[in-house]
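Q: I am new to this structure and should like to learn how its features are read. May we take them one at a time?

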Amino acid sequence: MYTDIQLINNTAIHNFEVFVDGHRAFIDYKQHGDKVFLIHTEVPVELEGKGVASALVEKTFKYLEENNLKMVPYCEYIKVYLKRHPEWERLLA
């Protein structure tokens, strides 16, 4: 789902973001070297329950992998996502 929606790495404000139906969902992050600290995931109430958060996380993980980056998850949503999708644990720093 949401395969046609582009992930934007908004480096100016340290957000991975997607826009769906005019609404912005994002993951707040900090980067130090090849480690990306995933701090907080936020989806507007208008998009809740539509799979936007999981699509955002998946796209972010793919971006990290394609760019040879490792992640340090602080965000509770991302920690839960990793429990459901342990194949992504390969990206853990």
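Q: How many residues lie between the strands in the hairpin of β3 and β4, and which residue takes a positive phi?
A: This is a predicted model. The hairpin of β3 and β4 has 2 residues between the strands, and G33 there takes a positive phi near 60 degrees.

Q: In which sense do β3 and β4 pair, and over how many bridges?
A: The pairing of β3 with β4 is antiparallel and runs over 7 bridges. As a case to look for on the model, K30 has F37 in β4 standing opposite.

Q: In which sense do β4 and β5 pair, parallel or antiparallel?
A: Strand β4, residues 35–42, and strand β5, residues 70–73, pair in the parallel sense, with 4 bridges. The chain leaves β4, passes through helix α1 (residues 52–66) and arrives at β5; this β-α-β crossover is right-handed. Two positions help to locate the pairing: L38 stands opposite P73 in β5, and K35 has K70 as its bridge partner in that strand.

Q: How should a residue inside a strand be read? Is A25 buried or exposed?
A: A general idea comes first. In a regular strand, side chains alternate between the two faces of the sheet. In this structure, A25 belongs to strand β3, which spans residues 23–32. Since its relative accessible area is 0%, and buried means under 20%, A25 is buried.

Q: Which residues are in contact with A25, once its neighbours within four places in sequence are left aside?
A: A25 is in contact with F16, E17, V18, E42, V43, P44, V52 and L56. A separation along the chain may also be set beside one in space: A25 and A53 are 28 residues apart along the chain, while their C-alpha atoms are separated by 7.4 Å.

Q: How are charged side chains to be read, and how many salt bridges are there?
A: Side chains of opposite charge can pair when their charged atoms come close. In this model the count comes to 3 salt bridges. One of them joins the side chains of R24 and E17, at 2.7 Å from N to O. R24 counts as partly exposed because its relative accessibility is 29%, whereas E17 is buried, with a relative accessible area of 5%.

Q: What parts does the salt bridge of E65 and R90 tie together?
A: The closest N and O atoms of E65 and R90 are 2.6 Å apart. E65 lies in helix α1 and R90 in the segment after α2 (76–84), so the pair ties together parts that are 25 residues apart in sequence. E65 is partly exposed at 33%, and R90 is partly exposed at 40%.

Q: Where do E76 and K79 lie?
A: Both residues lie in helix α2, 3 residues apart, which is about one turn of the helix. E76 and K79 form a salt bridge whose closest N and O atoms are 3.4 Å apart. With a relative accessibility of 53%, E76 counts as exposed, while K79, at 33%, counts as partly exposed.

Q: What is the nearest side chain of opposite charge to K59, and how far away is it?
A: K59 has its place in helix α1. K59 is buried yet has no salt bridge, and D4, the nearest side chain of opposite charge, is 6.6 Å away. A polar atom of the K59 side chain does lie 2.7 Å from the backbone oxygen of I5. Not counting residues up to four places away in sequence, K59 touches Y2, T3, I5, L7 and V18.

Technical notes. Residues are numbered from 1 along each chain as its sequence is written. This is a predicted model: local features need pLDDT of at least 70, side-chain atom pairs count only at pLDDT 80 or more; totals for chains, interfaces and linings use all residues. Side-chain values use heavy atoms; hydrogens and water are left out. Buried means under 20% relative accessible area, exposed over 50%, partly exposed in between (1.4 Å probe, protein chains only). Contact means heavy atoms within 4.5 Å. Two strands pair if DSSP finds at least two bridges between them. A crossover is right-handed if, with the strands pointing away from the viewer, the path from the first strand over the helix to the second runs clockwise. Lys and Arg count as positive and Asp and Glu as negative; His and the chain ends are not counted. A salt bridge is a side-chain nitrogen of Lys or Arg within 4 Å of a carboxyl oxygen of Asp or Glu. A polar contact is a pair of N or O atoms within 3.5 Å; within protein, one must be able to donate a hydrogen and the other to accept it, and residues adjacent in sequence count only if both atoms are side-chain atoms.
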